[in-house]
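Please work through the exercises below with the sequence and the structure in view. Each task is followed by a solution that goes step by step.

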Amino acid sequence: MKVQTVAMAAIAVAASTFAFAIGRAVWQSPEPAPPRTAPTYFQPPLEASIPDDDFGAMVSRGKAIFVDTPTHAADYVGNELSCRSCHLDRGRMPNSAPMWGAWVRYPQYRAKNQIVNTMADRIAGCFRFSMNGTPPPADSDVMRALQAYFFWMATGAPTGTTLPGAGYPEVHPPASAPDLDRGGTVYAEKCAICHGNDGEGQRSGGRYVFPPLWGSNTYNKGAGMYRVDLAAAFIKANMPLGKGGSLSDQEAWDVAAFVNSHERPADPRQSAGGRDPSAR
Ligand code: HEC
Ligand code: HEC
């Protein structure tokens with residue numbers, strides 16, 4: 001009798017937690033569980049501690065741009081993603097290239113554009129390729145606000161170092177070459193429920209709640225996510241949302257190759273007619 005009551009209570013709790021988790025994933029900023037073998041990660045300050053002054057106002061503006069880029073930086077985006085579409089939990093999630101991890105490793109030399117990149121240069125890269133847009137000027141309010149947000153998020157972090165959880169954890173090279181058929185099966189079973197059968201994402205109230213993975217509204221062919229190794233690393237650590245780390249390495253490579261085998265906007269460096277050396 002007693003055992004039964006306890007079991008029933010446990011089921012009720014589990015069911016409500018599940019419903020809550022689904023509700024959150026759909027309607028609020030999703031916050032997937034940290035990977036199971038989590039080392040101790042740097043803890044960014046709580047958002048409630050953003051100071052109530054002019055600096056804090058800029059931090060909050062940066063956060064708003066990060067969370068809903070098409071609304072708050074409309075002139076600079078060419079698709080309907082937001083920074084948070086790939087940098088999860090508003091840029092706070094370890095292993096999804098968190099902004100506290102990024103802040104402390106710039107300026108940095110990058111082979112992609114063969115110069116030492118400031119943080120503004122690096123942000124410009126994500127506007128140009130991941131957001132398929134035109135980067136805001138380095139001295140614009142949008143750049144100021146984003147950098148204020150990242151600087152605040154890295155409060156107390158050591159600088160000039162790669163913190164645990166920065167970038168993505170590397171995935172092992174696949175045992176066999178990435179395969180589109182296998183990737184299609186993984187996609188149908190584990191991704192389509194949120195991202196749609198044709199990678200088109202899902203909207204609610206005119207806004208994407210699940211971002212598109214291919215087609216005209218997502219990252220272009222110059223983006224980091226278009227590299228199968230980076231996409232596999234992001235997917236392995238973070239997808240399916242809330243179940244990061246659940247795919248095998250092979251599944252992550254296969255589904256990354258499958259996603260990137262579909263049409264998407266061209267690399268602006270190529271569509272401009274050959275390689276543009278000033279491309280960031
Ligand atoms: C389509 C996915 C996507 C979107 C959208 C996106 N990024 Fe990124 N971003 C990436 C990838 C991939 C990397 C490279 C991660 C790596 O190499 O570890 C990256 C890297 C970065 C870095 C450097 C991270 C580091 O640790 O060195 C910064 C800063 C950054 N992005 C800012 C932004 C900002 C700001 C926006 C919105 C304007 C944005 N990103 C939108 C995918 C995206
Ligand atoms: C439970 C719903 C859900 C499932 C299942 C899911 N995703 Fe996602 N995915 C999301 C959400 C939501 C985001 C954006 C995060 C945000 O806005 O906070 C995202 C972001 C992404 C992104 C970066 C943004 C973009 O549009 O390119 C990629 C790539 C991605 N998912 C791939 C996958 C793959 C591959 C699978 C299957 C292995 C998968 N996802 C399963 C919900 C899901």
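**Exercise 1. Find what share of the contacts in the chain between residues at least 6 apart in sequence join residues at least 24 apart, and describe the chain as a whole.**

Solution. Among the contacts in this predicted model between residues at least 6 apart in sequence, 70% join residues at least 24 apart. Next, count the elements: the chain has 12 helices and four strands. Finally, turn to burial, where 41% of the 280 residues of the chain count as buried.

**Exercise 2. Determine where ligand 1 lies with respect to domain 1 and domain 2, and describe its shell.**

Solution. Begin with the residues that come nearest, which are Cys 83, Cys 86, Cys 126, Gly 167 and Gly 224, out of 25 residues around ligand 1. The elements that give two or more residues to this shell are helix H5 (99-103) and helix H6 (119-130), and the largest share, five residues, comes from H6. Sorted by class, the shell around ligand 1 has 16 nonpolar, seven polar and two charged residues. As a last step, look at the domains: domain 1 (52-167) and domain 2 (168-280) both give residues to the shell, so ligand 1 lies between them.

**Exercise 3. Carry out the analysis for ligand 2, and include the peptide bond from Met 239 to Pro 240.**

Solution. Of the 27 residues around ligand 2, Cys 191, Cys 194, Pro 211, Met 239 and Pro 240 come nearest. Two or more residues of this shell come from helix H9 (192-195) and likewise from helix H11 (249-260), with H9 giving the largest share, three residues. The classes are 21 nonpolar, four polar and two charged residues. The peptide bond from Met 239 to Pro 240 is cis, with omega near -10°, and Pro 240 is placed in the loop between H10 and H11. Since domain 1 (52-167) and domain 2 (168-280) both contribute to the shell around ligand 2, this ligand lies between them.

**Exercise 4. Decide how the buried residues of H2 are arranged around its axis.**

Solution. Helix H2 (residues 54-67) has 14 residues and reaches 20 Å from its first C-alpha to its last, close to the 20 Å expected at 1.5 Å a residue. The buried residues in H2 are Met 58, Val 59, Gly 62, Lys 63, Ile 65 and Phe 66. Seen down the axis of H2, these buried residues fall within an arc of 160°, so they line one face of the helix. What covers them includes helix H3 (69-72), helix H4 (88-91) and helix H7 (141-153).

**Exercise 5. Establish how many residues of H11 are buried, and what they pack against.**

Solution. Helix H11 reaches 17 Å from its first C-alpha to its last, close to the 16 Å expected for its 12 residues at 1.5 Å a residue. Of these 12 residues, 10 are buried, so H11 is largely enclosed by the rest of the structure. The buried residues of H11, among them Trp 253, Asp 254 and Phe 258, pack against helix H8 (180-190) and helix H10 (228-238).

**Exercise 6. Is Ala 97 buried or exposed, and is Gln 114 buried or exposed?**

Solution. Phi of Ala 97 is near 50°, a positive value in a residue other than glycine, and Ala 97 is placed in the loop between H4 and H5. Because 23 other C-beta atoms lie within 10 Å, Ala 97 is buried. Gln 114, which is not a glycine either, has a positive phi of about 55°, and is found in the loop between E1 and strand E2 (115-117). With 9 other C-beta atoms within 10 Å, Gln 114 is exposed.

Technical notes
Residues are numbered from 1 along each chain as its sequence is written. Chains are lettered from A and ligands numbered from 1 in the order in which they are written. This is a predicted model: local features need pLDDT of at least 70, side-chain atom pairs count only at pLDDT 80 or more; totals for chains, interfaces and linings use all residues. A residue is near a molecule or strand if its C-beta atom, placed from the backbone, lies within 6 Å of it. Ala, Val, Leu, Ile, Met, Phe, Trp, Tyr, Cys and Pro count as nonpolar, Asp, Glu, Lys and Arg as charged, and the others, Gly among them, as polar. Domain bounds come from an automatic or database domain assignment. The expected span of a helix is 1.5 Å times one less than its number of residues. A residue is buried if 20 or more other C-beta atoms lie within 10 Å of its own, exposed if 12 or fewer, and partly exposed in between; C-beta atoms are placed from the backbone. The arc is that of the directions from the helix axis to the C-beta atoms. Two residues are in contact if their C-beta atoms, placed from the backbone, lie within 7 Å.
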